[in-house]
Amino acid sequence: MNLKQIIKDDIYNILSDSLSREDILIENPKDRKMADYAVPCFSLSKILRKSPNDIGLMIKENLNNELYESVDVINGYLNIFVNKKKVIEYIINKLKEEKEEYGSNNMGNNKTIVMDYSSPNIAKPFGVGHLRSTVIGNAIKNISEKCGYEVVSINHLGDWGTQFGKLIYAYKEWGNEDVVRNNPIDELKKLYVKFHKEAELNPELEDEGRAYFKKLEDGDEESLKIWEWFKAESLKEFAGTYNLLGINKFDSYNGEAFYNDKMEPVIRELDEKNLLELSDGAYIVRLTDDMPPALIKRSDGATLYITRDLAAAFYRKKNYNFEEALYVVGNEQTLHFTQLKLVLDKMGYEWSKDIKHISFGMILQDGKKMSTRQGKNVKLHDVLVEAIELANEYIKERSPELENSNEVARQIGVGAVIFNDLKNYRTSDIEFNLKDILKFEGETGPYIQYTNARINSLLNHKQNVNIDYNKIIINEYTWNLVFKLYSFPEIIIRAKEKYDPSELSKYIIDLAQDFNKFYGNEKIIDDDINATEFRLVICEIVSIVLEEGMRILGIEAPKQM
RNA sequence: GUCCUGAUAGCUCAGCUGGAUAGAGCAAUGCCCUUCUAAGGCAUCGGUCGGGAGUUCGAAUCUCUUUCAGGACGCCA
């Protein structure tokens, strides 16, 4: 049952002579007291040459469907209230039948999406910056799967490139094996920061860094050994952070280094297609006039970011035959991905259009970009630990006898951090603010978790008797809440189309708010068994959608808290 | 300098393809736990939607212009 579609069809049947289906708009009114659905008649007024009110009245008189409870015409709007009992009964039955499958669709059946996300840089701390890619990517993966897509998740580790040349140089110059072994990531970060500090005074160091990367690419044994060591330490440390986050399953961890032996054929093909051009000793591909060319090979012969990404794109197309390839990478890399697509397009691959840069806003500090080079990046692990500690304090104070409180504290603390990152529009920059992240009240992850835990405790009173819908009285709170559930499938589709988890987060917050209004203004359990059961069934189906929404967002749902 | 984003309440942000009195959360103030989890609910306070012009029945939303902030801009990723 698609109410909007039904309304559209009904109106179309009344007016069909003079207009097309697309001319009929169905809106969700801002003020729910106005209507369940509103049809503005202003644009129809031009086509039909009648006043909006007359059109509304004309539709109203011919509208005849038991699904509508009442129809009014006000200020040029046709306001429709649907038959609440019918819709509620429909939603309850649907959710009881489909359970967590509710909201799924099959738009992606037999289609594969390859997703490149998280992708932290080896030998650097896992910072809050990479949290965004991880969390947004994970949510989009779940949303896509909900839409029937096969998703291949790739953690494209930043484990290759000039930065390792710099790091190896810094380690050999200033590093100490024992010190690094004791506390690898922090020490490597110090070395990395020191390198850039020194390089500011002595720019020749940049050349040293490049030279070491070139050595690495040429297979220099000592450099490779150091690199492998750094990589292993990093992965060890990252695993801890991923486990805390609860996002730790990727189909592939093939990072940039994986494509080391897969770039030559790409370069050859570019050459064969006469796209390669020598410029200042480097190989470039010219794109459009108003865009800098893509640098394929440095003048010393070493490869670059885009070279590896080209090789990766071919590898993925060949191995996964993707419908879409999503790159969940920050805003600041827009130019890189525009260039990547253009190069593929110039090579004649029409699937370049399926490559999509899912960009997101940066995490700012004092209004500016956080920079690892300056040592400013905040470690995600520390933030998570702090959030979990705070959750523990809440638990000690409010539910001291809670079992497995450590695990619940982890779920809550992490839920707060994840939700904080997902609640805003994907492309907006976020100011890093520990105070906001550590807020457990209001529009937060813990608010949603708390709402669901509350429902869970109510459900102990359920008796599983059949509901007599004829005896049901539906008030404003009940109707708003159930009607909200009705729009969940649309929200999933919108989140997929926009590649934006915030569509879902906003919905889930709304739903939790509607539930808490319902809960706060209504006594759920009373002497009337039929009414009590009805309210409990509503609680039950709300919980199904809340939990499914949280699962998609990557937030765990403790049963008690 | 060129290009791209953005600017909505004291703060953080919503506002779907232009549509009915611009909405939440936080902060502030006042209520509500002898009744289902107060991480909650209710109420009050708070806005010339950065400025200016235009498009039209109608603009926070579209166009132009201007100011401010951030980002990107060949050998980093």
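Domain bounds here come from an automatic or database domain assignment. For chain A that assignment gives domain 1 (3-82), domain 2 (117-369) and domain 3 (380-553), and the C-alpha centres of domain 2 and domain 3 sit 37 Å apart. This is a predicted model, in which local features need pLDDT of at least 70 and side-chain atom pairs count only at pLDDT 80 or more, while totals for chains, interfaces and linings use all residues. Residues are numbered from 1 along each chain as its sequence is written, with chains lettered from A and ligands numbered from 1 in the order in which they are written.

Where domain 2 meets domain 3, the contact takes 29 residues from domain 2 and 25 residues from domain 3; two residues count as in contact if their C-beta atoms, placed from the backbone, lie within 7 Å. On the domain 2 side, helix 5 (128-146), helix 10 (221-245) and strand 11 (363-365) each put in two or more residues. Helices (H or I, at least four residues) and strands (E, at least two) are DSSP runs, numbered from the N terminus. Helix 5 gives the most, with 11 residues. That side of domain 2 splits into 17 nonpolar, 10 polar and two charged residues, where Ala, Val, Leu, Ile, Met, Phe, Trp, Tyr, Cys and Pro count as nonpolar, Asp, Glu, Lys and Arg as charged, and the others, Gly among them, as polar.

Next come the helix pairs. Helix 19 (residues 488-498) packs on helix 20 at about 150°, with the axes 8 Å apart; axes are lines fitted to C-alpha atoms, for helices over the stretch in contact, and angles run from 0 to 180 degrees between N-to-C directions. That makes the two helices roughly antiparallel (angles over 145 degrees). Ile-491, Arg-494, Ala-495 and Lys-498 of helix 19 touch Glu-503, Leu-504 and Tyr-507 of helix 20, a mix of four nonpolar, no polar and three charged residues.

Helix 20 (residues 502-521) also crosses helix 21 (residues 529-553) at roughly 150°, the axes coming within 10 Å, so this pair is roughly antiparallel too. From helix 20, the contact draws on residues including Leu-504, Ile-508 and Phe-515, which meet helix 21 residues including Val-542, Leu-546 and Met-550. Overall, this contact has 11 nonpolar, two polar and no charged residues.

As for the RNA, 78 residues surround strand B, and the closest are Gly-161, Asp-280, Arg-298, Gly-442 and Gly-520; near means a C-beta atom, placed from the backbone, within 6 Å. Helix 17 (residues 445-458) gives the most to this surface, with eight residues. The surface comprises 33 nonpolar, 26 polar and 19 charged residues.

Terms used. Angles under 35 degrees count as roughly parallel, over 145 as roughly antiparallel, 65 to 115 as roughly perpendicular and the rest as oblique.
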